[in-house]
Amino acid sequence: MTGGNCTQATEFSLVGFTEDPATQVILLLLFLLTYLVTILGNLGMITLIRASPLLHSPMYYFLGNLAFVNLCTSTIITPRILVGVLWGKKGMAYAGCMAQVFTFGLFAITECFLLATMAYDRYVAICHPLLYPLVMSPERCSRLVTGSYLLGLTNGVAQTIGMSSLFFCSSSSIDLFFCDISLLISLSTSDTTLSLILLRTSSSLLGVPSMLVVLVSYLAIISTILSISSTEGKRKAFSTCASHLTTVSTFYGALIFMYLIPRSDTSRGGDKWAALLYTVVTPMTNPLVYSLRNQEVKEAWRR
């Protein structure tokens, strides 16, 4: 049932940041710089991987797709933040909010499975190097990436269906800088059963398995590295997955805090910082981490 004397919202108010003018100028410059670095870094990584023969391997094929997903995630979030800070435009149309829920749901789960695929790739490379060319064949790599996008699409459609069943009062305000489905559910004045079921099912069937793949893969990788006798061998083995481990820790840590740790609506103060980490900061830092820590990428840049 809908709320009492309540008109269905045609627009949401995003109130995720301060209204202090001096602080807003600083935020504008920070977000603009972050977005420019994100665009240049991820486009540069995609171009480098396609152009350099050194990087024509499964690991960099996955990394190129991760860069594309990071580029898309940042583009559906950061420009809207810049518009809000620059012109003080806090309102977002209901249709725009629906589109943001769909696209963010699509790319968030796609990134989860790309990171899981990359962890599995490192597992095969380190734990079963002789089988690597057979297991990670071009056809299988293509299927793994396609599957990641399809699972992301499934999540995007499910979250959009969940949101379309919700009713909101015209005065609804979101204490965040984008339309997050979990906050929208808490704001709804209608029955949220279907939306909660879809959100929890998506988290359980899509998010958790991808995390488990990463966890199991790295447990096996660490066990194999520890069994290597030489210090140099251990260092080389760990260096092949250090960048990915950094990315995984940041991304999944923020998602776990945001969606999997149960808490009341009054104790969600850290949500916007966790959301900022995986929607704005991580897409910017991923290409930097891989460029600075990966010798093959640095060699490709030099060439």
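## The three-stranded sheet

Strands β1 and β2 pair in the antiparallel sense over three bridges, where two strands are taken to pair if DSSP finds at least two bridges between them, and where helices (H or I, at least four residues) and strands (E, at least two) are DSSP runs numbered from the N terminus. Within this pairing, F12 has M92 of β2 as its bridge partner. The model is a predicted one, in which local features need pLDDT of at least 70 and side-chain atom pairs count only at pLDDT 80 or more, whereas totals for chains, interfaces and linings use all residues. Residues are numbered from 1 along each chain as its sequence is written, and side-chain values use heavy atoms, with hydrogens and water left out.

Strand β1 (residues 11–14) is also joined to β3, by two bridges, and these two strands run parallel; here S13 is matched with S173 of β3. The result is an open sheet of three strands in the order β2-β1-β3, with mixed pairing. Because β2 (91–93) and β3 stand at the edges with a single partner strand each, one side of each is left without a neighbour in the sheet. In general terms, the strands of a sheet pair through backbone hydrogen bonds, either parallel or antiparallel.

## Two faces of β1 and the helix across the sheet

The side chains of β1 alternate along the strand: F12 and L14 point to one face and are buried, while E11 and S13 point to the other face and are not buried. Buried here means under 20% relative accessible area, exposed means over 50%, and partly exposed lies in between, with a 1.4 Å probe and protein chains only. Helix α3 lies across β1, β2 and β3 and runs at about 80° to β2.

## The disulfide and the unpaired cysteines

If a disulfide is defined as a pair of cysteine sulfur atoms within 2.5 Å, the count comes to one. This disulfide joins C97 to C179, with an S to S distance of 1.8 Å. C97 lies in helix α3 (residues 94–127) and C179 in the loop between β3 (173–174) and α6 (181–187), so the pair ties together parts that are 82 residues apart in sequence. The torsion about the S-S bond is about -115°, and the disulfide is therefore left-handed. Both partners count as buried, C97 at 0% relative accessibility and C179 at 2%.

Other cysteines lie too far from a partner sulfur. For C72, the closest cysteine sulfur is that of C112, at 15 Å, which is too far for a bond; C72 is nevertheless buried, with a relative accessible area of 16%. C141 is likewise in no disulfide, the nearest cysteine sulfur being that of C127, 17 Å away, and C141 counts as buried at 3% relative accessibility.

## Packing of α1 against α11

The axes of helix α1 (residues 21–51) and helix α11 (residues 295–302) come within 11 Å and cross at roughly 85°. Axes are lines fitted to C-alpha atoms, for helices over the stretch in contact, and angles run from 0 to 180 degrees between N-to-C directions. The two helices α1 and α11 are therefore roughly perpendicular to each other, on a scale where angles under 35 degrees count as roughly parallel, over 145 as roughly antiparallel, 65 to 115 as roughly perpendicular and the rest as oblique.

Contact, meaning heavy atoms within 4.5 Å, is made by G44, M45 and L48 of α1 and by V297, A300 and W301 of α11. By class, this contact has five nonpolar residues, one polar residue and no charged residues, where Ala, Val, Leu, Ile, Met, Phe, Trp, Tyr, Cys and Pro count as nonpolar, Asp, Glu, Lys and Arg as charged, and the others, Gly among them, as polar.

## Individual residues

A119 belongs to helix α3 and is buried, with a relative accessible area of 0%. Not counting residues up to four places away in sequence, A119 touches V214, S217, Y218, I221 and H244. The C-alpha atoms of A119 and V216 are separated by 9.1 Å, although these residues are 97 residues apart along the chain.

T160, in helix α5 (residues 138–164), counts as buried at 18% relative accessibility; leaving aside neighbours within four places in sequence, T160 is in contact with M98, V101 and F102. T189, in the loop between α6 and α7 (193–227), counts as partly exposed at 28% relative accessibility. T189 and F104 are 85 residues apart in sequence and 23 Å apart in space, C-alpha to C-alpha.
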